[in-house]
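This briefing is for a reader who is opening the structure for the first time. Please look through the sequence and the model below before reading the points that follow.

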Amino acid sequence: MRFAGKRAVVTGGASGIGRATALRLVDEGAEVWIGDIDEAGGRDVAETSNGRIHFLRTDVTRTGDIEALMAAADAAGGLDVVFNNAGAGGSRARIDEISAEDWDRTQALLLRSVAMGIRHAAPLMTARGGGAIVNTASIAALQTGAAPTAYSVAKAGVLHLTTLAAAELSRHNIRVNAVCPGFITTNIFTSGLGIDGEKRDQANGMIAGIAAHAQPIQRAGRPEDIAAAVAYLASDDASFVTGTHITVDGGITIGPRHSWDAAAPSMFSALESFAS
Ligand SMILES: NC(=O)c1ccc[n+]([C@@H]2O[C@H](COP(=O)([O-])OP(=O)(O)OC[C@H]3O[C@@H](n4cnc5c(N)ncnc54)[C@H](O)[C@@H]3O)[C@@H](O)[C@H]2O)c1
């Protein structure tokens, strides 16, 4: 019960990683306000929580919505924890074809939203003596090949924003950290392509099959894997941890596939046939 008596905000809490994290925080004693544009999903999560989760329709590209979400949790007794997590795939365009508008839309959704989340949480946390903020970055912040360019740059921005905010806010006893999920089976892959209903279930099944073999740990990544790391970073167990990130990716960023998969071709295995 690391969050007994605490209030938390989770953006993107209607689905996937945000939903799992909201439920985890409630399991550990918190009262949670989730903000999302998915009203049906948000209400569904709230209804399963015995009144411990409250849903507020929140578009994180609208700063006024973010401010209202933080204020709602604060008004109930003070804001302790914020998980800036809402997101989607953003523009899939390559760097040699993306429009300025698509670039800006992606940054607003994935990077400005986190900056404004911190901006509007920090004064409330400062007023009550401190708090903990966790931001969702991605392994796409660390390497190529994990996501489109605009998304990856936004997530890299989230990581640096995390360190800068941690530095600025430590004097107010506010810790700021990030989590870098690897390949986690959620609706993010299908929603960006407009796939829903039965087709979404089929596509998600296929994704889970691929995800199980994408990294050294041979199972699909689950939203609950990320929720566990977020709960740690947001809790007093991490009271000496700030300005950093935890990568939760089943080892996918360890290195090239042949370094962990004996069946994957490599120059070294190819050379074996020449050795006497
Ligand atoms: N699933 C992965 O493999 C993975 C990997 C790395 C990072 N992430 C990040 O994790 C976060 C959560 O994604 P997920 O995988 O749980 O996907 P998801 O689609 O299951 O959940 C994302 C949630 O964000 C909400 N959302 C989208 N745009 C919004 C907006 N403008 N305002 C408010 N809410 C909005 C969606 O409605 C949805 O409920 C995202 O930031 C994503 O970039 C996911």
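In this predicted model, strands β5 (residues 131-136) and β6 (residues 174-181) run parallel and are joined by 6 bridges. Within this pairing, I133 stands opposite V176 in β6. The points below start with the sheet and then turn to single residues and one ring pair.

**The sheet**

- The sheet is open and has 7 strands, in the order β3-β2-β1-β4-β5-β6-β7, with parallel pairing.
- The edges are formed by β3 (53-57) and β7 (245-248); each has a single partner strand, so one side of each has no neighbour in the sheet.
- From one strand to the next, the twist averages 20 degrees.

**A helix on the sheet**

- Helix α4, which spans residues 100-127, packs on the sheet.
- The strands that α4 touches are β4 (81-84), β5 and β6.
- The direction of α4 makes about 175 degrees with that of β5.

**S235, in a loop**

- The loop between α8 (223-234) and β7 contains S235.
- S235 has a relative accessible area of 0%, and it counts as buried because the cut-off for that class is under 20%.
- Leaving out residues up to four places away in sequence, S235 touches R2, F3 and R175.
- With one of these, R2, S235 also shares a polar contact of 3.5 Å between side chains.

**S152, in a helix**

- S152 is part of helix α5, which covers residues 149-169.
- The relative accessibility of S152 is 13%, so this residue too falls under the 20% limit and counts as buried.
- Apart from neighbours within four places in sequence, S152 is in contact with A140, A141 and A147.
- A polar atom of the S152 side chain lies 3.2 Å from the backbone oxygen of A147.
- S152 and L142 are 10 residues apart in sequence, and their C-alpha atoms are 8.3 Å apart in space.

**The aromatic pair**

- How many aromatic pairs does a search of the whole structure find? The search finds 1.
- The pair consists of F183 and F189, whose ring centres are 5.3 Å apart.
- The ring planes of F183 and F189 stand at 70 degrees, and the pair is edge-to-face because that angle is over 60.
- F189 has a relative accessibility of 35% and counts as partly exposed, because this value lies between the limits of 20% and 50%.

Key
Residues numbered from 1 in each chain as written. Predicted model: local features only at pLDDT ≥ 70, side-chain atom pairs only at ≥ 80, totals over all residues. Heavy atoms only, no water. Pairing = 2+ DSSP bridges. Helix = DSSP H or I, 4+ residues; strand = E, 2+ residues; numbered from the N terminus. Axes fitted to C-alpha atoms, helices over the stretch in contact; angles between N-to-C directions. Contact = heavy atoms within 4.5 Å. Buried < 20%, exposed > 50% of the residue type's maximum accessible area, 1.4 Å probe, protein only. Polar contact = N/O pair within 3.5 Å; in protein donor to acceptor, adjacent residues only side chain to side chain. Phe/Tyr/Trp six-rings, centres within 6.5 Å; stacked < 30°, edge-to-face > 60°.
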